[in-house]
Amino acid sequence: MQPLLLRAATTYVGAGISVIPCGIDKRPFYPLLPKRLNRDGEMTATWEPFAETMADEATLECWFASSSGVTGVAGIGGAISGGLCILDFDIVQGICVYEDWVKGVELLAPGSTIDLPAQRTGSGG
């Protein structure tokens, strides 16, 4: 699986999207991320540097070529990724909130959601 993740990560970075590694829980894979002092004076891993600087090729190789525990690639939204905005909608009490959001946006700005890319996850959200 790792060569596929490295290829995906490299493609995203090539398209101007900053990325970080994720674990099976879809959270940042902190064991591979840089550490810095937090407010309590403790060293903790963080993904935040990648909101300002893209990972270089060597870092991508380290993260995605052979690291066990890495199961996904996460895009970082914001200025680093050309203003990319990522919205995550869940299913609440059996209702997919995304469809309701689209209806509401379309009432306010007809046609504005037509070209929005969307991805349904394994959980259905």
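Strand S4 gives the largest share of the lining of the largest pocket, 4 residues. Keep in mind that this is a predicted model. Besides that pocket, this briefing looks at strand S4 itself, a cluster of aromatic rings, and two buried residues, Leu60 and Thr113.

**The largest pocket**

- How big is the largest pocket? Its volume comes to about 1500 Å³.
- The lining is made up of 33 residues. If you want to find the middle of the pocket on screen, look for Ile86, Leu87, Asp88, Gln119 and Thr121, which lie nearest its centre.
- Which elements give two or more residues to that lining? They are S1, S4 and H3.
- As a general point, empty space shows up when a probe the size of a water molecule is rolled over the atoms.

**Strand S4 and its partner**

- S4 covers residues 72–76 and has two faces. Gly72, Ala74 and Ile76 sit on the covered face, while Val73 and Gly75 make up the uncovered one.
- Strand S1 (residues 18–22) runs antiparallel to S4, and 5 bridges join the two.
- To line the strands up by eye, start from Cys22: its bridge partner in S4 is Gly72. That glycine belongs to the covered face of S4.

**The aromatic rings**

- There are 5 aromatic pairs in the structure. One of them is Phe50 with Trp63, an edge-to-face pair at 5.0 Å centre to centre, with 75° between the planes.
- This pair links distant parts of the chain, with its two residues 13 apart. Phe50 is in the loop between strand S3 (43–45) and helix H2 (57–64), and Trp63 is in helix H2.
- Phe50 has a relative accessible area of 11%, so it is buried. Trp63 is buried too, because its relative accessible area is just 1%.
- Trp63 also pairs edge-to-face with Phe64, at 5.9 Å centre to centre and 85° between the planes.
- Is Phe64 buried or exposed? Its relative accessibility is 0%, so Phe64 counts as buried.
- Put together, Phe50, Trp63 and Phe64 form one aromatic cluster.

**Leu60 in helix H2**

- Helix H2 also holds Leu60. With a relative accessible area of 4%, under the 20% cut-off, this leucine is buried.
- What does Leu60 touch, once residues up to four places away in sequence are set aside? The list runs to Leu6, Ala9, Thr10, Val13, Val19, Ala55 and Ala65.
- Take Ala9 from that list: this alanine and Leu60 are 51 residues apart along the chain, yet 7.1 Å separates their C-alpha atoms.
- Val19, another of the contacts of Leu60, falls within the residue range of strand S1, 18–22.

**Thr113, after helix H3**

- Where is Thr113? Look in the segment after helix H3 (97–108).
- Thr113 counts as buried because its relative accessibility is 11%.
- Leaving out residues up to four places away in sequence, Thr113 touches Trp101, Val102, Val105 and Glu106.
- With Glu106 there is also a polar contact, side chain to side chain, at 2.4 Å.

Conventions. Residues numbered from 1 in each chain as written. Predicted model: local features only at pLDDT ≥ 70, side-chain atom pairs only at ≥ 80, totals over all residues. Heavy atoms only, no water. Buried < 20%, exposed > 50% of the residue type's maximum accessible area, 1.4 Å probe, protein only. Polar contact = N/O pair within 3.5 Å; in protein donor to acceptor, adjacent residues only side chain to side chain. Contact = heavy atoms within 4.5 Å. Phe/Tyr/Trp six-rings, centres within 6.5 Å; stacked < 30°, edge-to-face > 60°. Pairing = 2+ DSSP bridges. 1 Å grid on protein atoms, 1.4 Å probe; cavity = no way out; pocket = protein on both sides within 12 Å on 5 of 7 lines; lining within 4 Å. Points joined across faces, edges and corners; volume = space filled by probe spheres on them.
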